[in-house]
Amino acid sequence: METLPTTFSAEAYFQTQPPPPTIEQDVQSVRGFLKQQREHGKKVVLVTSGGTTVPLELNVVRFLDNFSAGTRGATSAEYFLKAGYAVIFMHRQFSLQPFSRHYSHSTNPFLDLLEIDDPPDGSTAPPSISVTSSKRDHLLGVLKSYKSVQKAGTMLTLTFVTINDYLWLLRAVSQELSVLGKDAMYYLAAAVSDFFLPRQKMSVHKIQSGKGSLHIEMDQVPKILKPMVAEWTRQGFVVSFKLETDDGILIPKAQAALERYGHSVVIANELHRRKFEVAFVYRTHDADPSAPRFAETWVRIDLEKDPEKEVEEDIVNELVRRHKQWLEM
Ligand code: 9Z3
């Protein structure tokens, strides 16, 4: 049996964990998509979105998961499209998607948009269906944007489920996207598991309960941002997210990530305030060595004043501005 490393570097990870079966097909569709977008001179953003699962068995019955619904990614993708970017939307299967997200949530189920209109008395025609008048304008707006993106062919959707699918797909897509050089943006909003169970340590069949309590030792997922920034993406504009539940460590950890990986921006968010407050953490370009090396700018919205506002609108506008400025440097 092959020996497994005690801690997985990214390289060791890809040498020992098998690729998902759909990887080649996904790479082909990314290539075709990028060819088209380049012909139209588009900037392209890769948006990752949703949580990743960690299967505990090869014939998987149980898995570890996280809270992410994919709201950040799906919402941001819409604003990137609006800003003229083409979008590769790489998301967890069944998490929220751009446009349909407005109606798939349990607080706004799409069946509540519809009315049944009975035919006049005596008619044999079947009942027809119409849109509730109070919901029409909003639906029309979403539908128009959705149809125009479909027509323009500016969004490609890719799917992952497990952490392994995610890592393989992220590497493959990043490598493809790197042909755009500085015109590519990477917006890593997916909530990625920090731990995984290597295939070689997994039980083949459903773990049995007869032996009492369950002890599983998981390995650390390799810090994928390192090769991503240093090798796969070449000159791209890389934006990662840092999620914490403890305010005290949020900004220091975002700064540490920026220092370690050397990418463009870390967007720091606290779990419970993520829908109305995030911090952009970035390097300062100060020549004075005694000056702070990092700065942060907070983006906040007031949901009481404007309940319809989405913080992703301001996040994306700010990134588009920074990407443009960086391209001009
Ligand atoms: C985020 O921090 C996203 O903003 C959220 C969005 C996952 C909080 P929702 O999907 O939530 O709208 O419900 N994503 C990145 C989290 C992450 O896994 N970051 C890694 C880390 O913190 C580094 S890439 O170490």
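1. The largest pocket in this predicted model is the space that the ligand takes. The points below start from that site and then turn to the annotated domain.

2. The ligand is surrounded by 15 residues, and those that come nearest are Ser68, Gly70, Arg72, Lys242 and Asn269. Sorted by class, the shell holds eight nonpolar residues, four polar ones and three charged ones.

3. Two elements, α3 (71-82) and β11 (237-244), each give the shell at least two residues. The largest share belongs to β11, with three residues.

4. Several polar atoms of the protein lie beside oxygen atoms of the ligand. In serine 68, a polar side-chain atom is 2.6 Å from a ligand oxygen. For asparagine 269, an N or O atom in the side chain is likewise 2.6 Å from an oxygen atom of the ligand. At threonine 71 the backbone is involved: one of its polar atoms lies 3.3 Å from an oxygen atom of the ligand. As for cover, the ligand taken alone exposes 610 Å², and the protein buries 89% of that.

5. UniProt, in an unreviewed entry, places the feature "domain: DNA/pantothenate metabolism flavoprotein C-terminal" at residues 43-98 and 182-275. The name and the positions come from that record.

6. The two annotated spans can be described in turn. Residues 43-98 are 21% helix and 30% strand, with 18 Å between the end C-alpha atoms. Residues 182-275 are 24% helix and 24% strand, and here the end C-alpha atoms lie 29 Å apart.

Methods
Residues numbered from 1 in each chain as written. Predicted model: local features only at pLDDT ≥ 70, side-chain atom pairs only at ≥ 80, totals over all residues. Heavy atoms only, no water. Near = heavy atom within 4 Å. Polar contact = N/O pair within 3.5 Å; in protein donor to acceptor, adjacent residues only side chain to side chain. Areas by Shrake-Rupley, 256 points an atom, 1.4 Å probe, with all protein chains shown as cover. 1 Å grid on protein atoms, 1.4 Å probe; cavity = no way out; pocket = protein on both sides within 12 Å on 5 of 7 lines; lining within 4 Å. Sits in = over half its atoms within 2 Å of the grid points. Helix = DSSP H or I, 4+ residues; strand = E, 2+ residues; numbered from the N terminus. Nonpolar A, V, L, I, M, F, W, Y, C, P; charged D, E, K, R; others polar. UniProt positions renumbered as here; feature names shortened; annotations may be inferred.
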